Amino acid sequence: MLVFLLRRLAQSVFVMAAMMVVVFFGVYMIGNPVDILISPDATPAEIDETMARFGFDQPVYVQFLKFVGNALQGDLGRSFVHGEPAVQLIISYMPATLELAALGLIFSVLIGVPLGVYAGYKADRWQGRAIMTGSIFGFSLPNFWVGMLLILIFAVELQWLPSTGRGDTVEVLGMRLSIFTADGLQHMLLPALTLALYKASLVTRLARAGTQEALVQDYVKFARAKGLSETRILFVHVLKNIMIPIITVLGLELGSMIAFAVVTETVFAWPGMGKLLIDSILTLDRPVIVSYLMLTVIIFIIINFAVDVIYTLLDPRVRVKGGAA
Amino acid sequence: MSAPETAMTLPTGDRWRRINMAAGLGVAASLALLLTVEGAALLPARIVLLAGLIVLAAGLLRGRARKFFSGPSAYVATASLLVLAVLAIFATEISPQNPYDLRQLDIMDGRQPPGSTNFDGSMTYHLGTDEQGRDILSGILYGLRVSLSVSIFATLAAMAIGVVVGIYAAWAGGRTDAILMRIVDFQLSFPSILVALMLMAAFGRGLDKIVIALIIVQWAYYARTVRGTALSEARKDYIDAARGLGLPARRIVFGHLLPNCIPPLIVISTVQVANTIVLESSLSFLGVGVPITQPSLGLLISNGYGYMLSGQYWMSMYPGVALLAIVASINMVGDRLRDTLNPRLTR
């Protein structure tokens with residue numbers, strides 16, 4: 001286990017280093033930020049002065065070494081637009097995205113697991129087929145389109161729920177969260193549902209496949225022989241056995257949910273990291289783009305790591321194999 | 001190596017395989033031509049494209065058509081896919097207006113609801129108009145073409161690169177394999193939308209740029225899949241037999257290994273076209289995708305989005321319906337294909 005963890009850690013460090021190179025040079029290619037920073041009628045002297053102030057006049061490799069040196073100290077530069085340190089800026093936007101992704105994840109399990117188990121139970125009947133066809137639509141619907149449709153129905157036509165913004169927030173553990181206020185939760189409902197739909201159909205498919213496989217196993221026959229109700233068999237015995245792949249995939253998908261939040265946040269004007277990223281791309285705010293990418297890499301590494309650990313905890317067979325290796 | 005010797009070792013489906021490959025190349029070439037030439041109005045290229053797609057589909061379903069069409073959803077999905085493909089390919093001929101020809105637009109007809117007519121009654125806007133007075137129906141047909149051609153071309157190109165890299169990794173083995181697969185893992189650990197977003201931020205808008213971004217996002221996925229297939233195929237007897245015949249490595253790889261690694265990719269690539277369409281439309285919706293002069297469905301939706309809250313739903317609603325229709329029918333066909341072509345899943 002320890003060897004495994006250490007190896008993963010070494011891999012993560014390597015990935016971070018590689019990402020730093022890719023991100024820096026990738027973002028370096030994006031336009032000239034000085035054009036944004038100073039007015040078009042600035043004199044050449046003023047332009048040079050600004051270039052020197054931000055260090056743009058130095059060779060690329062000097063800029064890169066400076067960037068690495070600062071990054072190791074947790075400093076990824078100041079936002080050109082907001083004037084704040086970029087990392088702090090993103091971290092201040094982060095809770096909004098995280099709570100949205102978390103609620104989305106909860107929704108996708110709550111929708112997907114029961115549907116999938118039922119579809120697996122009725123695999124050859126019309127109910128199962130209908131759910132599977134429905135899940136294709138869940139896959140097919142682009143994120144932004146779902147969001148638009150929800151806004152059209154619930155915000156424009158029915159006027160039940162708000163369409164944009166975060167609503168009231170409360171301070172919990174130093175983070176401003178909407179999820180604990182009634183108004184905030186109302187604002188979250190539509191974006192979270194939008195974010196959840198794709199994952200929900202993924203979960204439905206996984207749960208269905210797992211249920212189909214589990215239903216022919218001996219322990220289900222035994223449970224039936226004991227005279228347990230079908231509901232109990234499905235949602236206690238079968239469910240326990242199919243949750244492992246679902247948790248794995250969902251864990252991996254948490255990262256992609258944060259990434260997909262870019263689209264959802266733009267549709268609902270939700271002030272999270274994703275919206276910040278899009279705005280920064282449009283204003284060529286380099287430090288923010290770089291910091292966003294680096295933070296996303298860290299989040300991804302942590303998620304992958306956590307999934308591996310949870311996986312070994314849930315499935316003893318993996319632990320035995322991992323221990324032997 | 002003389003021809004008769006190899007002719008014996010080749011499986012019977014070889015002729016079809018060649019036809020399919022030719023059709024695939026035809027599709028790719030005509031798409032490349034249509035994407036690069038401004039206006040995309042070359043009729044012969046479009047006919048080649050349609051014929052190539054039909055041959056590919058026929059080759060795929062040869063002998064399996066009954067199994068494929070086993071339910072109503074297969075008929076519906078295939079029919080709608082066919083209709084949408086024909087609409088997209090012949091958009092210039094079918095659509096009532098060229099929405100990007102400024103002479104045909106009248107700003108006075110802007111934001112008309114569905115069913116209204118223009119000022120002299122010569123034209124009915126069945127799906128309404130946008131803020132520039134463009135017919136939404138025509139816009140959808142042109143947008144459908146952009147969405148489809150960008151996605152199909154990007155998928156084919158990514159598949160080609162992935163196949164080459166994957167087979168090379170499997171064949172070379174050792175350190176080459178390890179390094180290539182680390183690169184693949186590295187890329188796959190990031191969600192495609194994020195990578196594509198960054199690339200488009202670096203490249204700027206443009207049809208060629210979004211195609212390149214979509215290829216970069218996807219190749220690794222194919223490389224990994226092909227490598228797995230190639231590794232298991234390379235251990236099979238026919239490769240040993242080819243080695244035993246003393247065939248050069250190049251010939252074994254391209255003549256024997258490669259053709260057997262492609263079939264598992266077909267199902268993946270069908271579904272992947274749909275995913276690419278969604279990805280492209282999301283990028284265009286965010287404003288970093290196709291240029292304004294050649295809007296895809298995503299950009300049309302984005303353009304109309306601002307008017308939706310004021311109840312002028314048609315500008316983004318109908319392009320959205322078209323997007324949903326094309327993506328859903330591709331996914332449903334892909335789903336049927338998977339059931340048809342993958343014998344392990346049959347019950």
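**How many salt bridges does the rule find across the interface of chain B and chain A?**

Before we start: this is a predicted model, so local features need pLDDT of at least 70, side-chain atom pairs count only at pLDDT 80 or more, and totals for chains, interfaces and linings use all residues. Residues are numbered from 1 along each chain as its sequence is written, chains are lettered from A and ligands numbered from 1 in the order in which they are written, and side-chain values use heavy atoms, with hydrogens and water left out.

**Exercise 1. Work out that salt-bridge count, then describe the interface around it.**

Step 1. Take the rule: a side-chain nitrogen of Lys or Arg within 4 Å of a carboxyl oxygen of Asp or Glu. Across the interface of chain B and chain A, it finds one salt bridge.

Step 2. Put names to a pair: Arg205(A) and Asp335(B) meet through their side chains in a salt bridge, 3.6 Å from N to O.

Step 3. Now the polar contacts, meaning pairs of N or O atoms within 3.5 Å; within protein, one must be able to donate a hydrogen and the other to accept it, and residues adjacent in sequence count only if both atoms are side-chain atoms. Between chain B and chain A the count is one residue pair, with both residues at pLDDT 80 or more.

Step 4. Look at which elements of chain B are involved. Helices here are DSSP runs (H or I, at least four residues), as strands are (E, at least two), numbered from the N terminus. Those giving two or more residues to the side of chain B that touches chain A are α9 (192–203), α13, α14 and α15 (314–341). The largest share, 12 residues, comes from α15(B).

Step 5. Add the totals. With contact taken as heavy atoms within 4.5 Å, 36 residues of chain B are in contact with 42 residues of chain A. The buried area (accessible area, 1.4 Å probe, that two parts lose on being put together, summed over both) is about 3400 Å² between the two chains, and carbon and sulfur atoms give 82% of that.

**Exercise 2. Follow the ring pairs that start at Phe144(A) and say what they link.**

Step 1. Set the cut-offs: rings of Phe, Tyr and Trp (its six-membered ring) pair if their centres lie within 6.5 Å; planes under 30 degrees apart are stacked, over 60 edge-to-face, and the rest tilted. Over all chains, the search turns up five aromatic pairs.

Step 2. Phe144(A) and Phe285(B) have ring centres 4.4 Å apart and planes at 15°, so this pair is stacked. Phe144(A) sits in helix α7 (residues 143–157) of chain A and Phe285(B) in helix α13 (residues 263–286) of chain B, so the pair joins two chains.

Step 3. Move on from Phe285(B) to Tyr305(B): the centres are 5.7 Å apart and the planes at 70°, so here we have an edge-to-face pair. Tyr305(B) belongs to helix α14 (residues 297–308) of chain B, so its pairing with Phe285(B) in α13 ties together parts 20 residues apart in sequence.

Step 4. Check burial, where buried is under 20% relative accessible area, exposed over 50% and partly exposed in between (1.4 Å probe, protein chains only). Phe144(A) and Phe285(B) are both buried, and Tyr305(B) is buried too.

Step 5. Put it together: the ring pairs link Phe144(A), Phe285(B) and Tyr305(B) into a cluster.

**Exercise 3. Which parts of chain B does the salt bridge of Asp177(B) and Arg227(B) tie together?**

Step 1. Get the distance: the two side chains meet at 2.6 Å, N to O.

Step 2. Asp177(B) is in helix α8 (residues 174–188) and Arg227(B) in helix α10 (residues 207–234), so the bridge ties together parts 50 residues apart in sequence.

Step 3. Asp177(B) is buried at 10% relative accessible area, whereas Arg227(B), at 22%, is partly exposed.

Step 4. For contrast, try Asp240(B) and Arg243(B), whose closest N and O atoms are 3.9 Å apart. Both lie in helix α11 (residues 237–244) of chain B, three residues apart, about one turn of the helix.

**Exercise 4. Is Ser147(B) buried or exposed, and what does it touch?**

Step 1. Ser147(B) lies in helix α7 (residues 136–172) of chain B and is buried, with a relative accessible area of 1%.

Step 2. Leaving out residues up to four places away in sequence, Ser147(B) touches Ile277(B), Glu280(B), Ser296(B) and Leu297(B).

Step 3. A polar atom of the Ser147(B) side chain lies 3.2 Å from the backbone nitrogen of Leu297(B).
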